[in-house]
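Here are my notes on the model you asked me to look over. They are set out as numbered points, to be read alongside the structure.

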Amino acid sequence: MTRQRELALDPQPSMATRREWLDDGALLLRGHAGAVAVDMVTEIKRIARLSPFRRMATPGGGMMSVAMTCCGARGWCSDGQGYRYVAADPQTGQPWPPMPATWRQLAIHAARAAGYDGFEPDSCLINGYRPGARMGLHQDRDERSDAPVVSVSFGLPAIFQWGGLRRTDPLRRIPLLHGDVVVWGGVSRYVFHGIAPIRAGTHAVTGPCRYNLTFRRTL
Ligand code: MD3
Ligand code: FE
């Protein structure tokens, strides 16, 4: 994509972001959400008052170290039965809080910058990490759509582990920092990935916490 075309797609060209293709379909927009971080973290806390962060059980009988909540039409859940998307928060019995329109627009815009026009996210999974929390190597395969996933990171830094289509493929280690936005499409959509244990620290916007938002098309 030409620079001029990229600027034409950016609603705020003054905040044009460094763009880096990590692989086929995977575009890193370094710090792209930095300017809206305070507002988005405030929104995360509002959503979490309606559908609280919770650590979910895994089908294997363990407990995830990452705390999760969701907004949008469906939310991701894990329990002894397996993984699935559900329209109501199992903990409250209520629908998940709506996805803020500004969040949806950010995700749509990021997907478009990576060449995915017409991305219609219907769900946002919100992960909350405290120091020590991690996410083991996995693929995201619970969505029925093969639309891309857009991720947004806030707060404490993380080391993202990025493998290939086989669990045993070698891992790249990519820092994901406050405000980073990544679009995962094409062959990158189904790669194995994980998050190394978060190191102790405090961030000016989030305190002792890392948040990661993933925008998804579940149906
Ligand atoms: C590559 N989250 O929620 S974000 C997840 O930081 C998840 O909380 C991590 O993996 C986190 O499933 C990583 C980057 C990411 C998210 C989703 C992907 C990379 C992805 C889906 C497919 C391929
Ligand atoms: Fe994932």
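**Notes on the sheets and Asp140**

1. Strand 10 (residues 158-162) pairs with strand 13 (residues 193-195) through three bridges, in the antiparallel sense. One residue to look up here is Gln161, whose bridge partner in strand 13 is Gly194. Please keep in mind throughout that this is a predicted model.

2. The pair belongs to an open sheet of four strands, ordered 8-13-10-11, with antiparallel pairing. Strand 8 (135-138) and strand 11 (172-176) are the edges; each has a single partner strand, so one side of each lacks a neighbour in the sheet. On average, neighbouring strands of this sheet are turned by 20° against each other, direction ignored.

3. There is also an open sheet of eight strands, in the order 1-2-12-9-14-7-4-3, and its pairing is antiparallel. Its edge strands, strand 1 (18-23) and strand 3 (54-57), each pair on one side only. The average turn between neighbouring strands of this sheet is 25°, again with direction ignored.

4. Within the eight-stranded sheet, strand 9 (residues 149-155) and strand 12 (residues 181-184) are joined by four bridges in the antiparallel sense. Ser151 has Val182 of strand 12 as its bridge partner.

5. Which strands does helix 2 lie across? Helix 2 (residues 37-50) lies across strand 4 (63-72), strand 7 (123-129), strand 9 and strand 14 (210-216). The angle between helix 2 and strand 14 is about 85°. These four strands can be found in the order given for the eight-stranded sheet.

6. Asp140 deserves a separate look. The residue sits in the loop between strand 8 and strand 9. Strand 8 is an edge of the four-stranded sheet, while strand 9 is part of the eight-stranded one.

7. Is Asp140 buried or exposed? Its relative accessible area is 11%, and the cut-off for buried is under 20%, so Asp140 counts as buried. Leaving aside residues up to four places away in sequence, Asp140 touches Arg189, Tyr190, His193 and Arg216. With His193 there is a side-chain to side-chain polar contact of 3.1 Å. His193 falls in strand 13 (residues 193-195), and Arg216 in strand 14 (210-216).

8. On annotation, the unreviewed UniProt entry assigns "domain: Fe2OG dioxygenase" to residues 120-219. In the model, that span is 42% strand and 0% helix. The C-alpha atoms at its two ends are 10 Å apart.

Note on methods: Residues are numbered from 1 along each chain as its sequence is written. Chains are lettered from A and ligands numbered from 1 in the order in which they are written. This is a predicted model: local features need pLDDT of at least 70, side-chain atom pairs count only at pLDDT 80 or more; totals for chains, interfaces and linings use all residues. Side-chain values use heavy atoms; hydrogens and water are left out. UniProt positions are given in the numbering used here, feature names are shortened, and annotations may be inferred rather than shown by experiment. Two strands pair if DSSP finds at least two bridges between them. Axes are lines fitted to C-alpha atoms, for helices over the stretch in contact, and angles run from 0 to 180 degrees between N-to-C directions. Contact means heavy atoms within 4.5 Å. Buried means under 20% relative accessible area, exposed over 50%, partly exposed in between (1.4 Å probe, protein chains only). A polar contact is a pair of N or O atoms within 3.5 Å; within protein, one must be able to donate a hydrogen and the other to accept it, and residues adjacent in sequence count only if both atoms are side-chain atoms.
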